Amino acid sequence: MEKPTYSRTMFCEKCFKAGLPRVGTLIVLMGGESAQPYVISARSPKGRLECPELYNGFTPHLITEIASSHDKKLVSYEASCGVNGCDTKITPVGSKFDAETTFSKTGTMYRREWNQMILNADLGYHW
Ligand SMILES: [Zn+2]
């Protein structure tokens, strides 16, 4: 069975250097464990219009587990920045979007941190 893919906010150095995301930037998100990816257009963070740079470089990533350590305490994952023009290429197809993502980042975290991240319903990018 394929592991579920989640959307979670992570820091992206490439987007940070490019000053992304900006208002109107297209970003791909996952709708949940069984849902399909969907595309949003970034809006100004609610109540943060005066300092949108706080979000500079912090972008929604698609993230999926790829392996677990023998003692199950560590999770290895791969992630893809969901920002169009970064790890993701978003193309309009009729009234919909086609999103192509490259999982360019890998990392390891404690299982308990992973579980916390997965359970965290506050996605942190309510634009
Ligand atoms: Zn990025």
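This dialogue walks through the fold, sheet and core of a predicted model.

User: Where do I start? How many helices and strands does the protein have?

Analyst: Start with the count of elements, then their order. The model is predicted. Its secondary structure comes to two helices and eight strands. From the N terminus, the elements run β-α-β-β-β-β-β-β-β-α.

User: How do I read the sheet? What is the order of its four strands?

Analyst: Follow the pairing from strand to strand. Here the sheet is open, has antiparallel pairing and follows the order S1-S4-S5-S8. S1 (5-11) and S8 (105-110) each have a single partner strand, so one side of each lacks a neighbour in the sheet. On average, neighbouring strands of this sheet are turned by 45 degrees against each other, direction ignored.

User: How many bridges join S5 to S8?

Analyst: Six bridges join S5 (residues 74-81) to S8, and the two run antiparallel. For one register point, take Ser-76: its bridge partner in S8 is Thr-108.

User: Which strands does helix H2 touch?

Analyst: H2 (residues 111-119) packs on the sheet and touches S1, S5 and S8. The direction of H2 makes about 105 degrees with that of S8.

User: Now S2. Are its residues buried or exposed?

Analyst: Count neighbours, then check each face of the strand. A residue is buried if 20 or more other C-beta atoms lie within 10 Å of its own. In S2 (residues 26-30), five of five residues are buried. Leu-26, Val-28 and Met-30 lie on one side, Ile-27 and Leu-29 on the other, and both faces are covered.

User: Which strand is S2 joined to by five bridges?

Analyst: Strand S3 (residues 37-41), running antiparallel to S2. Within this pair, Leu-29 of S2 stands opposite Tyr-38 in S3.

User: How do I read the core? Which residues have the most contacts inside the largest nonpolar core?

Analyst: Look at membership, then at who supplies it. The largest nonpolar core has 21 residues. Those with the most contacts inside it are Cys-12, Cys-15, Ile-27, Val-28, Val-83 and Cys-86. S1, S2, S4 (58-68) and S5 each supply at least two residues. S2 gives the most, with five.

User: What does Cys-12 touch?

Analyst: Leaving out residues up to four places away in sequence, Cys-12 touches Gly-57, Thr-59, Cys-81, Val-83 and Cys-86.

User: And the whole protein? What share of its residues is buried?

Analyst: Buried residues make up 28% of the 127 residues. For contacts between residues at least 6 apart in sequence, 59% join residues at least 24 apart.

Notes
Residues are numbered from 1 along each chain as its sequence is written. This is a predicted model: local features need pLDDT of at least 70, side-chain atom pairs count only at pLDDT 80 or more; totals for chains, interfaces and linings use all residues. A residue is buried if 20 or more other C-beta atoms lie within 10 Å of its own, exposed if 12 or fewer, and partly exposed in between; C-beta atoms are placed from the backbone. Two strands pair if DSSP finds at least two bridges between them. Axes are lines fitted to C-alpha atoms, for helices over the stretch in contact, and angles run from 0 to 180 degrees between N-to-C directions. Two residues are in contact if their C-beta atoms, placed from the backbone, lie within 7 Å. A nonpolar core is a set of buried Ala, Val, Leu, Ile, Met, Phe, Trp, Tyr and Cys residues joined through C-beta atoms within 7 Å.
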